[in-house]
Amino acid sequence: MPPQSATVPCQYRTGRALGSGTYAIVKEAIHISTGKYYACKVINKKLMEGREYMIRNEIAVLKRASSGHRNIVTLHDYFETTHNLYLVFDLCTGGELFDRICAKGNYYEKDAADLVRTILTAVKYIHSSGIVHRDLKPENLLFRTPAEDADVMIADFGLSRIMEEEKHNLLTEVCGTPGASSYMAPEIFKKSGHGKPVDVWAMGVITYFLLAGYTPFDRDTQQAEMEAIIAGDYKFEPLEYWENVTETAKDFVRQCLTSDPHKRPTAEQLLKHKWLADEGPHFVADSQGEPTDLLPHVKKAFNAKKLWKKAGNSIKAMNRLATLANSSHAHVNEHARLRENISKYKEESEREIIEHTAVTHHHNAKDDPEDDLHRQMARASVAEG
């Protein structure tokens with residue numbers, strides 16, 4: 001029988017809240033002995049009853065991917081208290097991808113290509129490690145620091161899966177987080193089985209977004225958006241947003257947005273595309289023969305969309321997951337119960353002061369994280385039952 005994890009004094013103290021997701025809050029955490037700052041994902045165990053596999057999976061993925069690539073957020077530690085699970089990550093202080101772009105004085109097609117090349121190189125690494133991310137979107141692309149030359153980082157592996165043998169292990173569940181449906185590939189909605197090509201599709205949507213400030217399948221309703229994605233119905237319009245973007249960049253987007261996942265290029269193949277591989281930058285020249293600044297149109301479109309989508313993401317996400325995943329009465333009741341309790345449980349998580357609490361430490365446990373977390377959640381269920 002594997003050794004039990006040890007109960008020890010907590011090595012961290014938590015600071016300000018940094019954000020909130022569907023199931024978790026994210027707080028600043030300071031390592032007491034080193035003074036180093038981290039981001040800490042705090043998950044109330046009550047919210048994870050019956051969903052323990054989500055945490056086991058995220059830890060298994062991150063233990064495989066962390067520290068292997070400079071553009072992937074590293075999992076540094078994980079532990080539990082009586083009430084919560086804590087995952088300790090790099091603290092990325094440079095902001096989200098698009099907020100960073102909008103704060104710049106200018107922004108050129110070369111800047112977009114450089115970002116896409118960096119992110120796609122990290123995606124290639126993830127795929128070569130047998131992992132599909134499944135939630136690539138601008139909100140999950142963060143800068144490590146505010147510095148001009150800071151690394152852009154892929155974050156949030158909560159929906160990621162390990163896929164060793166692609167052809168024999170296709171995923172079929174509908175997956176998505178608030179704001180993510182615009183980046184989901186057609187095969188996810190079709191439930192025809194999906195794998196690593198969904199990340200390539202998402203990179204096409206992200207690239208389109210980086211060049212224009214809005215996504216290719218923007219529609220008035222989620223149903224209309226889903227139908228457009230399945231049909232591959234998008235255009236490089238309005239013209240004023242795209243006349244300053246090269247045909248090479250548009251071709252790169254088209255390659256990523258190949259509807260048939262079997263014909264969609266891999267991340268490795270796309271890194272050889274002219275738009276990313278050519279030594280010289282691609283650009284449409286302005287009246288002085290210089291690269292055209294894309295920022296005015298990109299910023300205008302992004303800010304308009306941001307205002308339009310400002311409210312209701314969490315509620316819409318919960319309703320959507322309940323509708324798409326399974327329409328059975330029991331499942332709908334489960335989601336109703338979750339909606340009622342989620343705010344209360346997240347508030348409980350935020351109030352816990354971990355520096356005054358003994359924790360069960362798992363990061364250096366020698367046994368498998370899946371077995372480890374299974375035991376810890378089983379113990380928690382018994383203790384709280």
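**Figure 1. Three helices contribute to the second largest cavity: H5, helix H7 (239–242) and helix H11 (295–308) each supply at least two residues of its lining.** The model is predicted: local features need pLDDT of at least 70, side-chain atom pairs count only at pLDDT 80 or more, and totals for chains, interfaces and linings use all residues. Residues are numbered from 1 along each chain as its sequence is written, and side-chain values use heavy atoms, with hydrogens and water left out. Helices (H or I, at least four residues) and strands (E, at least two) are DSSP runs, numbered from the N terminus. The second largest cavity holds about 50 Å³. Its lining includes Leu-211 and Ala-212, followed by Glu-240, Tyr-241 and Asn-244. Thr-292, Asp-293, Leu-294, His-297 and Val-298 also line this cavity.

**Figure 2. Ala-212 sits in helix H5 and lines the second largest cavity.** Ala-212 is buried, because its relative accessible area is 1% (buried is under 20%, exposed over 50%, partly exposed in between; 1.4 Å probe, protein chains only). Beyond its neighbours within four places in sequence, Ala-212 contacts Tyr-241, Trp-242, His-297, Val-298 and Ala-301 (contact: heavy atoms within 4.5 Å). Among these partners, Tyr-241, His-297 and Val-298 also line the second largest cavity. Trp-242 is 30 residues from Ala-212 along the chain, and their C-alpha atoms are 7.1 Å apart.

**Figure 3. Asp-286 lies in the loop between helix H10 (274–277) and H11.** Asp-286 counts as partly exposed because its relative accessibility is 29%. Its side chain reaches the backbone nitrogen of Gln-288 at 2.9 Å. Setting aside residues up to four places away in sequence, Asp-286 touches Pro-291 and Thr-292. Thr-292 is also one of the residues lining the second largest cavity. So is Asn-244. The C-alpha atoms of Asn-244 and Asp-286 are separated by 8.4 Å, with their positions 42 residues apart along the chain.

**Figure 4. The largest cavity draws most on helix H5 (residues 197–212), which gives three residues to the lining.** The lining comprises 10 residues. Nearest the cavity centre lie Arg-134, Asp-135, Leu-136, Tyr-183 and Met-184. The space inside is about 70 Å³. A search of the whole structure finds three cavities of 30 Å³ or more. A cavity is a set of points, on a 1 Å grid over the protein atoms alone, where a 1.4 Å probe fits but cannot get out; lining residues have an atom within 4 Å of a point. Points join across faces, edges and corners, and volume is the space filled by probe spheres on them.

**Figure 5. Helix H8 (residues 247–256) has six named buried residues: Thr-248, Ala-249, Lys-250, Phe-252, Val-253 and Cys-256.** Their cover includes helix H3 (109–128) and H5. H7, helix H9 (267–270) and H10 also cover the buried residues of H8.

**Figure 6. Asn-84 lies in strand E6 (residues 84–90).** Its relative accessible area is 1%, so Asn-84 is buried. A 3.4 Å polar contact joins the side chains of Asn-84 and Tyr-86 (N or O atoms within 3.5 Å; within protein, one able to donate a hydrogen and the other to accept it; sequence-adjacent residues count only if both atoms are side-chain atoms).

**Figure 7. The whole chain has 14 helices and 11 strands.** Of its 385 residues, 51% count as buried. Among contacts with a separation of 6 or more, 69% join residues 24 or more positions apart.

Note on methods
On a 1 Å grid over the protein atoms alone, a cavity is a set of points where a 1.4 Å probe fits but cannot get out, and a pocket is an open set with protein on both sides within 12 Å along at least five of seven lines; lining residues have an atom within 4 Å of a point.
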